[in-house]
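Reader: I'd love to go through this one with you and ask about the labels you use. Could you show me the structure and start with a salt bridge?

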Amino acid sequence: MEFYQQTVKNTLGILLTDERKGLNNNQVEANRTKYGANIIPQKKEDSYIKIFLKNFSEPIVIVLLGAALLSFISYYYTHFVEKSMGHGSESLYEAIAILLLIFINAVLGFWQEISARKSLNALKEMNSRYTNVLRDGIWSKIRSQDLVVGDIIKSEVGDFIEADVRWIETSELQVIETHLTGEPDSINKDTEEITTTVDIGDRSNMGYSGSIVANGQGIAIIVGTGEHTELGHIAELIQSVEGKKTPLQNTINKLTKTLMMISLGVVLVSLVFGIIKSGSISIDSMTSTLSTSIALAVASIPDALPAVLSIVLTIGATKMARKNGLIKSLSSVETLGATSYICSDKTGTLTKNEMTVVKYYDNGIEYDVSGLGYSPEGEIKDVNNDVLMNSEFLIGSVLCNDSTIESVNGKYKTFGNPTEIALNVLGQKAGMFKNELLKSREIIRTLPFTSNRKMMSVIVKKQDEYFIYTKGAPEILIEHGKSFLLKNSLDSSLHAKDSFIKVVDYYASKALRTLAVGYRKLSAEEAINANIQDLECNLIISGIAGIIDPPREEVRTSVEILKKSNIKVVMITGDHAKTAQAIATDLGIFSEKNDGVFKGSDIEKLTDDQLFEKVLTTSVYARVSPEHKQRVVKQLQRHGEIVAMTGDGVNDAPALRAADIGIAMGITGSEITKDSADLILLDDKFTTIEKSVEIGRTIFSNIKNFMRHELTTNIAEVLSLFLGLIFFTTQIKEVGVSTPTLTALMILWVNMVSDAIPSFSLGYDVAESNIMEEKPRDPKASILANYTWSRVLIRGIVMGFAVYFAFVWAAQYGMNSNQAQTVAFLTLVFGQLWHVFDARCSKTIYRRNPFGNKKLVLAVMFAGISSILVTVIPFFNTVMGTERLSFIVYTMVVFLPALPTLILSGVKEIFDIKIW
């Protein structure tokens, strides 16, 4: 049997605890050993070294490491065997340059992950909480992590419950368990055993770790600590969820594997051609073609891809941070852009988690209340738009109330039961303040709320008159009522009673929680001596309050935008079905086209395959558990959907971990939820998700543009080298037959500087069109889908031929080998610098302002000038094999490479050739 099914006496006996003395020191140590410490195990954070080394495990990095190894082998052979110092040094420079590129990428990835970890840790609580514990007959406060099973604890208003407990004494105790149940209302607690099996939300004699005492006080015995609490169970669910690769990682990995195979094939083919050209198979013939093979290996893969991806994603993470979204891993930036479903918790995410009176019925008149949440700002008007006058209903709501509201630095701090706070806020909106009312009145008795009566009352003395004000469940108060206040008259008829019942039913149909207020005049004798039963009868029912946890004001607009973006928003909540449907309908999540609200009990009856058939047509799930949330997320993923899950409570954490991207609230979210999330909303606004999705889509678009630009350059490099290897069979003047079109270091310079730096700047590009009106991209589709491959091939081939012909022209013009390679090098550099403006356009270069991205313009200027400088500065002449050219040649290699881009884009503009 569970502890909630045990009597208080049996519970104390099972845990061998003295109710009057608590545990002694020996029992404390024994129980700590037996049951464990009051600490929830958390996944150990990776060490800094492991995080850094993780960046070297990507396939493309492994290929680059292979190229560096080949360069070192070439250096060793030519330097120590052939004694060719010049060529050996060139191979060494190549290896160092490749390793430097890999190191830069690793540093960028390491820096982002560590920065996100530090930001997350800064959100966590700085100090341990303390609990009032009875040990050896003495009450004292100890750290919550030092609690053990069997301890007797005392909790009062405002205290956190730091372990799972069985209540053994209660006094008007109410506890908020939103983090587990998803419901904002406080739950009444008692000590009676429960003979049936019930869910957590119905275990009135239990308290759970992480809950908050909203009213009254209680004494309890701890029955579960650490991993054996409900929080611990949820933490175990979180740990069991395996990490997944993001859509971008899967796409890039597929592309990388393809490029690796191409790279291997290119190297093998080049070695074969080199041997054929030399006419013999020997170490000398193989080493003579090794430099070309290494150059081809480096040219066939986008060397700067890891670094550019890291930087572009970092740019996206920075943009999200400015929009109050803390991203914990770079790869998650783009995942948001591919998201097709957002499954959101209701309480605290879609709603404010602040109970608010939005309607009330007073003296026969219905009033609408503006202003949401705990801020006492708003207006109260009746159906005729008249301003409210003072009423017995409002007086009773304010006086029969234990909550308080304080203004601290312009922000309102509340204390007490959420429903009472809502009534207190209503009173302040009407200009009624409890301290002002008490200047002419005095509360002489309080009859606290009990779960049996479902009412609370106060006895008020005003001058020589006495009144009782009572609030509670409408169905109870109406039955205790003798008459009803309608238009300043007392009406005892059934018609008057029915009018109040109809209001209650109407409010309930709108998913409003209802509460009734009544009063009557007392004699002095009754006020002082009468019992509760005699006091809470023959009441005059003055009004009914309609209360709701209101939707966040900005959510409705965000949901509409997400709908236009073909992203479906789904509500998954632990709240009641009717309330969930009303909020979802108000926000535009639920419509008649959807299936009805699906409840947790319905999910329990279905197999995974049956649930799989339901998830695409269901938009609201109610009364669900953490396991249910996980199941819904997993079945959506089976459909190929990219799922984001939002939430703030501990009960949301497992689903956040299971989702493709978990989104937690930074202000109201629990620490476990933040630890499980990929994105943390620092302002707790659902709108931040919408902005983050837009940033994610823009970043992916920019990455696609970079890939288009990068691979075009790679094709040009490979083709120019192959053309030289195949067709350059006889010496042309001073240029020998074994001279490659480009050296490996020239290619590395192109990839790392003149290609990569402008590509970084593409990360700052804004969306080319209204990107939020497009469908989420297919995560299984290639990053180069929709004619991008054909566009890359056509431009790459044209650019490759241009580079080769520039090399041949320079040789025929009488230039030496270094000068011919320099001409080819600069032709490639400026060809791709002109092409980058075309790569950022989905249509043509003529459709987009080239100065729209000033960072790109500056990057292109820097890359162009620095590339010319490496042909002038002696150090680079030695290292890279470049050589100074004449002014006329410099002019030619700067401007003539623009022609392929301008002509190809012009033909596409005129004839609208899609594959072009």
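Author: Gladly! Keep in mind that this is a predicted model. Lys 359 and Asp 368 are joined through their side chains in a salt bridge, at 2.8 Å from N to O.

Reader: What makes the contact of Lys 359 and Asp 368 a salt bridge?

Author: The label asks for a side-chain nitrogen of Lys or Arg within 4 Å of a carboxyl oxygen of Asp or Glu. Lys 359 and Asp 368 have 2.8 Å from N to O, so the pair fits the limit of 4 Å.

Reader: Why is Asp 368 called partly exposed?

Author: Its relative accessibility is 35%. Buried means under 20% and exposed means over 50%, with partly exposed in between, so Asp 368 at 35% counts as partly exposed.

Reader: Which residue forms a salt bridge with Glu 479, and how far apart are the closest N and O atoms?

Author: The partner is Lys 497, with the closest N and O atoms 3.3 Å apart. This pair links distant parts of the chain: Glu 479 sits in helix α16 (residues 474-480) and Lys 497 in helix α17 (residues 494-509), 18 residues apart.

Reader: Why does Glu 479 count as exposed?

Author: Exposed requires over 50% relative accessible area. Glu 479 has 56%, so it counts as exposed.

Reader: What about Glu 526 and Arg 520: is each one buried or partly exposed?

Author: A nice pair to ask about! Their side chains meet in a salt bridge of 3.8 Å, N to O. Arg 520 has a relative accessible area of 10% and is therefore buried, as buried means under 20%. Glu 526, at 27% relative accessibility, counts as partly exposed.

Reader: How many salt bridges does a search of the whole structure find?

Author: The search finds 25. There is also a network of salt bridges linking Lys 346, Arg 513 and Asp 575.

Reader: What makes the patch of Asp 199, Asp 202, Glu 604 and Glu 627 negative?

Author: Asp and Glu count as negative, and the patch is formed by Asp 199, Asp 202, Glu 604 and Glu 627. Patch residues need over 30% relative accessible area; Glu 627 has 31% relative accessibility, so it counts as partly exposed. Glu 627 belongs to helix α24 (residues 626-638).

Reader: Which residues make the nonpolar patch?

Author: Leu 858, Met 861, Ile 865, Leu 869, Ile 873 and Phe 875 make this surface patch of about 600 Å². Helix α32 (residues 854-869) gives the largest share, 4 residues. Leu 869 lies in that helix, and its 41% relative accessibility is why it counts as partly exposed.

Key. Residues are numbered from 1 along each chain as its sequence is written. This is a predicted model: local features need pLDDT of at least 70, side-chain atom pairs count only at pLDDT 80 or more; totals for chains, interfaces and linings use all residues. Side-chain values use heavy atoms; hydrogens and water are left out. Patches are made of residues with over 30% relative accessible area and no salt bridge: like charges are joined within 9 Å, nonpolar side chains (Val, Leu, Ile, Met, Phe, Trp, Tyr) within 5 Å. Accessible areas come from the Shrake-Rupley method with a 1.4 Å probe; for residues, only the protein chains shown count as cover. The place of a charge is taken as NZ of Lys, CZ of Arg, CG of Asp or CD of Glu. Helices (H or I, at least four residues) and strands (E, at least two) are DSSP runs, numbered from the N terminus. Buried means under 20% relative accessible area, exposed over 50%, partly exposed in between (1.4 Å probe, protein chains only).
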